[in-house]
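User: I am new to this structure and would like a close look at how parts of the chain that lie apart in sequence are brought together. Please take me through it slowly and define the terms as you go.

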Amino acid sequence: MAERIAVAEIFGPTLQGEGPHAGEPTVFVRTGGCDFSCSWCDSLHAVDPFFSPLWSRMAPDEIIAALTELWPSSPACSLTLSGGNPAMWDGLGAVAAAWPGPVRLETQGTIVPAWLGQMTTIVVSPKPPSSGQPGAARLEAFMSAVPENCEVVFKVPCASAADLDWAIATHASYATRVPLLFIQPVNDPITELGVDELIARWEQLWAWLRPLKAPHVRLSHQQHVLAWGNAKGV
Ligand code: SF4
């Protein structure tokens, strides 16, 4: 019997709000469950076991049917697999195989799923010291499994100058394979920061980044949060 995947949300089409494909129309599957518990996680509804009774348990073909309802036309938009940590779920290989458009994975790089080679893009998001998590503990094994033909970038939320230094140093070990490092302000949804505070954090990151003269670093916003706050399903 096919694995039933914990699904916190399926939604779209919406705009990818961050990273290398910001502004791209996409449909999202946000899986439930994560092997991390970051201090400023902005997806607690897909991480905290308190919310798990709200997650749907879906077979891969049910997920594909739901996605096709959201985007029935051809050509297909991209499919974003996010979480939580979607790499926990073996059944997403069948979802990726059935989706006719590009498939982009967002993960912290701790678990190597059997279907990693099916991804068009892998956005690896190792977590810096302020997360309170062992950010790059399993990153080397993950990166050694990334297929050659796959687009891969790093994306690191940063809350401090120390986080930024950590992100640049961590990325440096993989710079040959991963040309770009995206950084963005952390966004704690519990306090609902507001646009002014998010922009202030972005400006602070630039103040820390500017003297480092790092042309491969891309400072970005979470565009969807600026537009829609931390609303779910967008
Ligand atoms: S890895 Fe991502 S989804 Fe998991 S707890 Fe950290 S921020 Fe949240």
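Analyst: What follows treats the salt bridges, then a pair of helices, then two buried residues, and last some backbone details.

This is a predicted model, in which local features need pLDDT of at least 70 and side-chain atom pairs count only at pLDDT 80 or more, while totals for chains, interfaces and linings use all residues. Residues are numbered from 1 along each chain as its sequence is written, and side-chain values use heavy atoms, with hydrogens and water left out.

Side chains of opposite charge can pair when their charged atoms come close. A salt bridge is here a side-chain nitrogen of Lys or Arg within 4 Å of a carboxyl oxygen of Asp or Glu, and a search of the whole structure finds six of them. One of these joins the side chains of Arg4 and Glu62, with 2.8 Å from N to O. Arg4 belongs to the segment before strand 1 (5-15) and Glu62 to helix 1 (residues 60-70), so that this pair links parts of the chain 58 residues apart. Here helices (H or I, at least four residues) and strands (E, at least two) are DSSP runs, numbered from the N terminus. For accessibility, buried means under 20% relative accessible area, exposed means over 50%, and partly exposed lies in between, with a 1.4 Å probe and protein chains only. Arg4 is partly exposed because its relative accessible area is 39%, and Glu62, at 35%, is partly exposed as well.

Another salt bridge is formed by Glu24 and Arg104, whose closest N and O atoms are 2.7 Å apart. Glu24 lies in the loop between strand 1 and strand 2 (25-31) and Arg104 in strand 5 (residues 103-107), so the pair ties together parts that are 80 residues apart in sequence. Both Glu24 and Arg104 are buried.

Asp35 and Arg138 also meet through their side chains in a salt bridge, at 3.9 Å from N to O. The two sit in distant parts of the chain, 103 residues apart: Asp35 in the loop between strand 2 and strand 3 (56-58), and Arg138 in the loop between strand 6 (121-124) and helix 3 (139-145). Asp35 is partly exposed, with a relative accessible area of 28%, and Arg138 is partly exposed with 38%.

Helices are brought together too. The axes of helix 4 (residues 161-172) and helix 5 (residues 195-209) come within 10 Å and cross at roughly 60°; such axes are lines fitted to C-alpha atoms, for helices over the stretch in contact, and the angles run from 0 to 180 degrees between N-to-C directions. Angles under 35 degrees count as roughly parallel, over 145 as roughly antiparallel, 65 to 115 as roughly perpendicular and the rest as oblique, and helix 4 and helix 5 are therefore oblique to each other. Their contact, meaning heavy atoms within 4.5 Å, is made by Ala161, Leu164 and Ile168 of helix 4 together with Leu205, Trp208 and Leu209 of helix 5. These residues divide into six nonpolar, no polar and no charged, where Ala, Val, Leu, Ile, Met, Phe, Trp, Tyr, Cys and Pro count as nonpolar, Asp, Glu, Lys and Arg as charged, and the others, Gly among them, as polar.

Two buried residues show further meetings of this kind. Met119, in the loop between strand 5 and strand 6, is buried with a relative accessible area of 4%. Leaving aside residues up to four places away in sequence, Met119 touches Leu81, Ala96, Val103, Leu105 and Cys150. Val153, in strand 7 (residues 151-158), is buried with a relative accessible area of 5%. The C-alpha atoms of Val153 and Val124 are 6.2 Å apart, although 29 residues separate the two in sequence. With residues up to four places away again not counted, the residues that Val153 touches include Pro20, Ile122, Val178 and Phe182.

The backbone deserves a last look. Most residues other than glycine have a negative phi, and most peptide bonds are trans. In this model a cis peptide bond joins Gly12 and Pro13, with omega about -5°, and Pro13 is found in strand 1. The bond from Ser74 to Pro75 is also cis, with omega near 5°, and Pro75 is placed in the loop between helix 1 and strand 4 (78-82). Lys213, a residue other than glycine, has a positive phi near 50°; Lys213 lies in the loop between helix 5 and strand 9 (217-219) and is exposed, with a relative accessible area of 69%.
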